[in-house]
Amino acid sequence: MKISDTFRFAAKAATATPLRTSLLVLAMSIGVASVVILTALGDGARRYVVDEFSAIGTNLVIVLPGRSETRGFNPANLVGSTPRDLTIDDAESLLKLSGVARVAPLVVATSEINAKGKLRETMLVGTNSEYINICQLKMGLGRFLSKTEAGAGSTEVVIGAVIRKEIFGAENPLGKTVRIGDRRLRIVGVLAQGGRGMGMTTDELMIVSTATAQSMLNTNTLFRIMIEARSREQIEEVKSRVLKAITQRHDGEEDITVITQDAILQTFDKILNVLTMGVAGIAGISLAVAGILVMNVMLVSVTQRTSEIGLMKAIGATSAAIRQLFLVEAVLLSLSGAVVGIGLGYLGAGVLRQLYPTFPAYPPAWAVIAGFGTALISGIVFGVMPARRAAQLDPIQALSKR
Amino acid sequence: MVNESLISLENIARTFYLGDSQVHALNNINLQIKKGEYIAVMGPSGSGKSTLLNMIGLLDQPDTGIYMLEGRDVTTLNPDELASVRSERMGFIFQSFHLVPRLTAAANIELPLVLAGMPVKERTQRVTQALKEYGLVDRAHHRPNELSGGQRQRVAIARATILRPAVLLADEPTGNLDRATGDEVVRLLEALNTQGMTLVVVTHDQALGNRAHRQIRMEDGNIVSDVIATESVTHAQEVNPTEPVKST
Ligand SMILES: Nc1ncnc2c1ncn2[C@@H]1O[C@H](COP(=O)(O)OP(=O)(O)OP(=O)(O)O)[C@@H](O)[C@H]1O
Ligand SMILES: [Mg+2]
């Protein structure tokens, strides 16, 4: 029997019982669709997180004061002094390291802004002119902090778009003087709306020079040092150089933590990938259920078509031909279920994207292939038993069945 | 024997086991069938007629004995070889037609050709020819449930003969038909016999049996009489010399 004839015959046999066949295809397609949709969700979550993190900046290395506890318990931490603070000098020393493109120190505190009789509490950030590049922020109006006007005497301030709207409305704020804490500062720029830096919105920030912020807050410590490596490949080298350089400056004590954006990203990437696969696995169970359904339906089909099988054998069908016919039928059912399911899955993912436009719920290619493959395999695995039963039927007894 | 038999059964026995009890469906059967013969097999229910027919058609294998088909021992063939001999040499016709319900008349007739792996072009050509021969052209695309009993049996005959088998085996081919359609079917079979096909018909119908050139009577798994129209009744003893003729 030719392959094309086998397929045609099996397809005809399947379509001869439209209700049963469509229910089966539906069951299989729900299994496949749930795999596709759930992995689209999982992968969407992964992509969402990755995108958010990428928005912080590229090739970022961040220095935090204090030793990370994840590196294990170290008795030296107990007896040793409290960790040394990060200072502007620490930050400036890093500029000399090879592979370092930019360095921006970071001081963060809440403060009050007072202008035009309005008072508002908001986040104050002290940094330098590199911050805009490292965090890839955009200006809405004016310019960012200048390189030249540094030191504690700087009176420049850059404000977020929301602060500007609340205080100045449609008025041009450039050049206006505002009071922040006990200082009088001059607005040189407004950040573009919707910017994100360090995982928070920049719309309500006030950015001043590091020294200004430190003197306002009466401190000389830094909250973070942000470093941009020259390239992605150099991130790890920069990380170890930074660690070494600051440890040296801190009298050989490793009292800082250096994290890379890449490492954070990879961790999230890993976690969310595992999550996605777990979810896909759970959805895969419904595929197994559909596979058992295929087996059941095929067994019923063999019983109902017993006399047909006997007849086929009488007119010269080999056992192998009969086995093939039933196996191909099971596979065809599974495959059409898979095709419908993938269609449904894409539809569902599309609906999700319509409902949550910021959430990139695209089914990953591997999930589609896996869903398709699992359906195919379950069709074959669960089709073998009924097919073998059909092939083993004794033609005389089969023929005597009405 | 001067001219080689088409079919030669020697001491064929077939026993079925049902729990503890045994049923000797065929008891040491000896039978020679020449090419082109027209044989009617008759006898009471359960006498082994169908079993004999299945044996000849290679659907069943004997427990003992030798079956020579066209000079070849077919008792030693494996299942795939048996399938191919059935496909090429045997045509089956059943009381209940055994058409595949979801396939059209044409597709049912085509089935043996499909199973034999014949190219599509040749297939359609042969099927068209068969539809014409059996007067089924305007029924070609009807399903079996849209056909009359006589038409169904004509489709079954067309299917059985499409590969030009050597032997046509019919198990009560008119059993589900009224007399008129039954006669029509019998005439078709007889026409095929005239063309040279060996015809073996199992029947309960004495009138139908009488039309055959040779009548075999079975009882309890034995051939109790074997009458060839031109020969004498005593032939029966010659066929099965070891088995005395049973009186009924
Ligand atoms: N598969 C089987 N298993 C057990 N016994 C069987 C089987 N097939 C046939 N028999 C028995 O063998 C005997 C002969 O059966 P067979 O079908 O050949 O009779 P028959 O002459 O064709 O009868 P009928 O005229 O009713 O068709 C019967 O007693 C039957 O019960
Ligand atoms: Mg019978």
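Helices, of at least four residues, and strands, of at least two, are taken here as DSSP runs numbered from the N terminus. In these terms, strand S1 (7-18), strand S2 (21-33) and helix H1 (49-56) of chain B each contribute at least two residues to the shell around ligand 1 in this predicted model. Helix H1(B) makes the greatest contribution to this shell, with three residues.

Ligand 1 is placed between chains A and B, and 15 residues surround ligand 1, of which B:Ser45, B:Gly46, B:Lys49, B:Ser50 and B:Thr51 approach most closely. By residue class, the shell around ligand 1 comprises five nonpolar, eight polar and two charged residues. Polar contacts to the ligand involve both backbone and side-chain atoms of chain B: a polar backbone atom of B:Gly46 is found 2.8 Å from an oxygen atom of ligand 1, while polar side-chain atoms of B:Thr51 and B:His204 lie 2.6 Å and 2.9 Å, respectively, from an oxygen atom of ligand 1. Of the 630 Å² of accessible area that ligand 1 has on its own, 70% is covered by the protein.

The site occupied by ligand 1 is the largest pocket, which encloses about 870 Å³ of space. This pocket is lined by 36 residues, and those closest to its centre are A:Ile396, A:Ser400, B:Ser50, B:Thr51 and B:Asn54. Two of these central residues, B:Ser50 and B:Thr51, also belong to the group that comes nearest to ligand 1. Both chains supply secondary-structure elements to the lining of the largest pocket, with at least two residues each from helix H13 (395-400) of chain A and from S1, S2, H1, S6 and strand S7 (167-171) of chain B. Helix H1(B), which gives the most to the ligand shell, likewise gives the most to the pocket lining, with five residues. The lining of the largest pocket consists of 13 nonpolar, 15 polar and eight charged residues.

Apart from the pocket, a search of the whole structure identifies two cavities of 30 Å³ or more, and the largest cavity has a volume of about 70 Å³. Residues of both chains line the largest cavity, with A:Ala314 and A:Ile315 from chain A, and with B:Arg86, B:Ser87, B:Met90, B:Gly91, B:Phe92, B:Pro112, B:Arg159, B:Ala160, B:Ile162 and B:Leu163 from chain B. Within chain B, helix H2 (79-89), strand S6 (90-94) and helix H5 (149-161) each provide at least two residues of this lining, and strand S6(B) provides the most, with three. Strand S6 of chain B is also among the elements that supply at least two residues to the lining of the largest pocket. The residues that line the largest cavity divide into eight nonpolar, two polar and two charged.

Key. Residues are numbered from 1 along each chain as its sequence is written. Chains are lettered from A and ligands numbered from 1 in the order in which they are written. This is a predicted model: local features need pLDDT of at least 70, side-chain atom pairs count only at pLDDT 80 or more; totals for chains, interfaces and linings use all residues. Side-chain values use heavy atoms; hydrogens and water are left out. A residue is near a molecule or strand if one of its heavy atoms lies within 4 Å of it. A polar contact is a pair of N or O atoms within 3.5 Å; within protein, one must be able to donate a hydrogen and the other to accept it, and residues adjacent in sequence count only if both atoms are side-chain atoms. Accessible areas come from the Shrake-Rupley method with a 1.4 Å probe; for residues, only the protein chains shown count as cover. On a 1 Å grid over the protein atoms alone, a cavity is a set of points where a 1.4 Å probe fits but cannot get out, and a pocket is an open set with protein on both sides within 12 Å along at least five of seven lines; lining residues have an atom within 4 Å of a point. A molecule sits in a cavity or pocket if more than half of its atoms lie within 2 Å of its grid points. Ala, Val, Leu, Ile, Met, Phe, Trp, Tyr, Cys and Pro count as nonpolar, Asp, Glu, Lys and Arg as charged, and the others, Gly among them, as polar. Grid points are joined across faces, edges and corners, and a volume is the space filled by probe spheres set on the points.
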